[in-house]
Amino acid sequence: FTPDPYLSTFLIFWRKIFRFKYKVFSDWHQLFEDWRDKYVALNSDYLVTTTKKIRDTLIKKTGVQENKVLVSYGGVDVDMFKHTDESVGELRKRLNLPDGFLVGYVGFYKTMGMAKGVDIMVEALTYIPEKNIKMIFVGALHDEEVKENQIISENLNIGDRTFFIKWVKSDQVPVYEQAMDMLAIPYPDKPHFREYGFPMKIYEYMFSGKPIIYSNLPIIDEMLFDCGVSFVPDDPKDLAKKIIELSNHTVEIKNLSKKAFEKVQGFTWEKRAENIVNFIK
């Protein structure tokens, strides 16, 4: 078993040369878009992908047989993500967060040099007149990244409603998520995010018991179509509209949060391992 296509390529090569009698199981999170995709896929005995979107792309581009490919989603680390007995107010006080209706984003601001939509959220706030609605961004890599984004917000006259926080240790991630009123996944409509960018934070968001608002990209919609609210990718006005609508509907917020929490019970790392083992057997 190997989740690394580079290593898969190496193992497959040596298996052919020395006729080693072992099987290769390749785990796909994205494609390389070159000869390695077809080489590894067609020489793998079994394959697993993290989404249906990636599975369909893999089959289309490599010609691998569908019955060899398992779709097994990621999951939440339940042991790490313990629900706290502290109230939202107590959590915010401990984390030094402001009062108000907090829309949170937890994760790095960029991946592979590409912005992940933090800028879209910031701009969206300029279309939200309710001063009570604020945004919290947890995951800046360094102080300079915090400073850069705060300057942008201040230039847009919303500096007092945006809070940029450096990355925190993994055991603090659930605490921040549970301190929010709403959690956002604002990914842009770009090839990487459209084809492969399935955020693992989805499962933590779902387990947090908070409503989720997300870019309407098919790969994300696979999981959140029935338990989240989507907005048009790269459209800050539509994001602002959806945030305002959702913040004014307490019952809908509770229903979506409950549905997401119930749904994610079937998506843990233990469940994923069990699915893969059963598929191999």
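Which residue in strand 11 does isoleucine 213 stand opposite? Here are some notes to help you find your way around, starting there.

1. The partner of isoleucine 213 is valine 229, which belongs to strand 11. Keep in mind that this is a predicted model. The two strands to look at here are strand 10, covering residues 212-215, and strand 11; they pair in the parallel sense, over three bridges.

2. Now zoom out to the sheet around that pair. It is an open sheet of six strands with parallel pairing, and its order reads 8-7-4-9-10-11. Strand 8 (162-166) and strand 11 (229-231) are at the edges; each has a single partner strand, so one side of each is left without a neighbour in the sheet. On average, neighbouring strands of this sheet are turned by 25° against each other, with direction ignored.

3. Next, look for the helix on this sheet. Helix 6, made of residues 143-155, packs on the sheet and touches strand 7 and strand 8. Compare its direction with that of strand 8 and you get an angle of about 175°.

4. There is also an open sheet of three strands, again with parallel pairing, in the order 1-2-3. Which strands stand at its edges? They are strand 1 (25-28) and strand 3 (69-71); each has a single partner strand, so one side of each is left without a neighbour in the sheet. The twist from one strand to the next averages 20°.

5. For a close-up of the three-stranded sheet, try strand 2 (residues 46-49) and strand 3: they run parallel and are joined by three bridges. Valine 48 is a handy marker, as it stands opposite leucine 70 in strand 3. Helix 13, residues 269-280, lies across strand 1, strand 2 and strand 3, and runs at about 155° to strand 2.

6. On to the pockets. The largest one has a volume of about 390 Å³. It is lined by 19 residues, and the closest to its centre are Val106, Gly107, Val173, Lys201 and Glu204. Which elements give two or more residues to this lining? They are strand 7 (133-140), helix 7 (173-178) and helix 9 (201-207). By class, the lining of the largest pocket splits into ten nonpolar, four polar and five charged residues.

7. The second largest pocket comes in at about 240 Å³. Of its 13 lining residues, those closest to the centre are Tyr196, Gly197, Phe198, Pro199 and Met200. The lining of the second largest pocket has six nonpolar, six polar and one charged residues.

8. Last, the aromatic rings. With ring centres required to lie within 6.5 Å, the count comes to eleven aromatic pairs. One to pull up on screen is tryptophan 35 with tyrosine 39: the ring centres are 5.8 Å apart and the planes stand at 65°, so the pair is edge-to-face. Planes over 60 degrees apart get that label. Both tryptophan 35 and tyrosine 39 sit in helix 2 (residues 35-42), four residues apart, which is about one turn of the helix.

Key:
Residues numbered from 1 in each chain as written. Predicted model: local features only at pLDDT ≥ 70, side-chain atom pairs only at ≥ 80, totals over all residues. Heavy atoms only, no water. 1 Å grid on protein atoms, 1.4 Å probe; cavity = no way out; pocket = protein on both sides within 12 Å on 5 of 7 lines; lining within 4 Å. Points joined across faces, edges and corners; volume = space filled by probe spheres on them. Nonpolar A, V, L, I, M, F, W, Y, C, P; charged D, E, K, R; others polar. Pairing = 2+ DSSP bridges. Axes fitted to C-alpha atoms, helices over the stretch in contact; angles between N-to-C directions. Contact = heavy atoms within 4.5 Å. Phe/Tyr/Trp six-rings, centres within 6.5 Å; stacked < 30°, edge-to-face > 60°.
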